[in-house]
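Reader: I have just opened my first protein model and would love some help reading it. Could we go through it together, one step at a time?

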Amino acid sequence: MAKVVIEDGYAPSDAEPFMNERQREYFRRKLLSWKQDILREAQDTLVALQTENENHPDLTDRASSETDRAIELRARDRQRKLIAKIDSALSRIEDGSYGYCEETGEPISLKRLEARPIATLSLEAQERHERRERVYRDD
């Protein structure tokens, strides 16, 4: 596969063919950068948790520290799940299905993909999905 050149400042546009090589490469890079940021933050958290001083003279300080740690670990767990979604999006780029709604097969808008590069549903399909969830959740 030939290397796709993307110049600085490039942004996908509706004026070009949907999910052409440049767009796929743009989103691939965006997803990889996002994943690296998450992994770097996770490593920073791990280092902080390993070096944190456990000797809290005050019971309140210890409780506060434990609460902070629990919140941080929950955030890292959400990010671990996000990495799986990023990996799935990268796989869809490779197999050519990235950018297309899983439900309708229609293209997902570039604005939506820019805001949420892991999106698998078009905005309309996502809204239908959320309405169905709300109906069943209220039962």
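**Overall shape**

Author: Happily! A compact globule of 139 residues would have a radius of gyration near 14 Å, whereas this chain has 20 Å. Please keep in mind that the model is predicted.

Reader: What does the C-alpha trace span along its principal axes?

Author: Let's stay with the outline of the chain. Its radius of gyration is 20 Å, against a value near 14 Å for a compact globule of 139 residues. Along the principal axes, the C-alpha trace spans about 65 × 50 × 25 Å.

Reader: How many helices and strands does the chain have, and what pattern do they follow?

Author: The chain contains four helices and zero strands. Read along the sequence, that gives the pattern α-α-α-α.

**Inside and outside**

Reader: What share of the residues counts as buried?

Author: Let's start from the surface: the chain exposes about 9700 Å², and carbon and sulfur atoms supply 51% of it. A residue counts as buried when its relative accessible area is under 20%. Of the 139 residues, the share that meets this is 28%.

Reader: How far apart are the mean positions of the positive and negative charges?

Author: The chain has 25 positive and 30 negative charges. Taking the mean position of each group, the distance between the two is 2 Å.

**Three residues**

Reader: Is Gln-79 buried or exposed?

Author: First find Gln-79 in helix 2, which covers residues 59-95. Not counting residues up to four places away in sequence, Gln-79 touches Ile-38 and Glu-41. Its relative accessibility is 18%, and the cut-off is under 20%, so Gln-79 counts as buried.

Reader: Which residues is Ile-93 in contact with, leaving aside neighbours within four places in sequence?

Author: Ile-93 is also placed in helix 2. Because its relative accessibility is 7%, Ile-93 counts as buried. Its contacts beyond those neighbours are Arg-24, Phe-27, Arg-28, Leu-31 and Tyr-98.

Reader: And how far apart in space are Ile-93 and Leu-73?

Author: In sequence, Ile-93 and Leu-73 are 20 residues apart. From C-alpha to C-alpha, their distance in space is 30 Å.

Reader: What is phi of Met-19 near?

Author: Met-19 lies in the segment before helix 1 (21-51), and at 6% relative accessibility it counts as buried. Most residues other than glycine have a negative phi. Met-19 is not glycine, yet its phi is positive, near 55 degrees.

Conventions
Residues are numbered from 1 along each chain as its sequence is written. This is a predicted model: local features need pLDDT of at least 70, side-chain atom pairs count only at pLDDT 80 or more; totals for chains, interfaces and linings use all residues. Side-chain values use heavy atoms; hydrogens and water are left out. Helices (H or I, at least four residues) and strands (E, at least two) are DSSP runs, numbered from the N terminus. The radius of gyration is taken over C-alpha atoms; the globule rule is 2.2 Å times the number of residues to the power 0.38. Buried means under 20% relative accessible area, exposed over 50%, partly exposed in between (1.4 Å probe, protein chains only). Accessible areas come from the Shrake-Rupley method with a 1.4 Å probe; for residues, only the protein chains shown count as cover. Lys and Arg count as positive and Asp and Glu as negative; His and the chain ends are not counted. The place of a charge is taken as NZ of Lys, CZ of Arg, CG of Asp or CD of Glu. Contact means heavy atoms within 4.5 Å.
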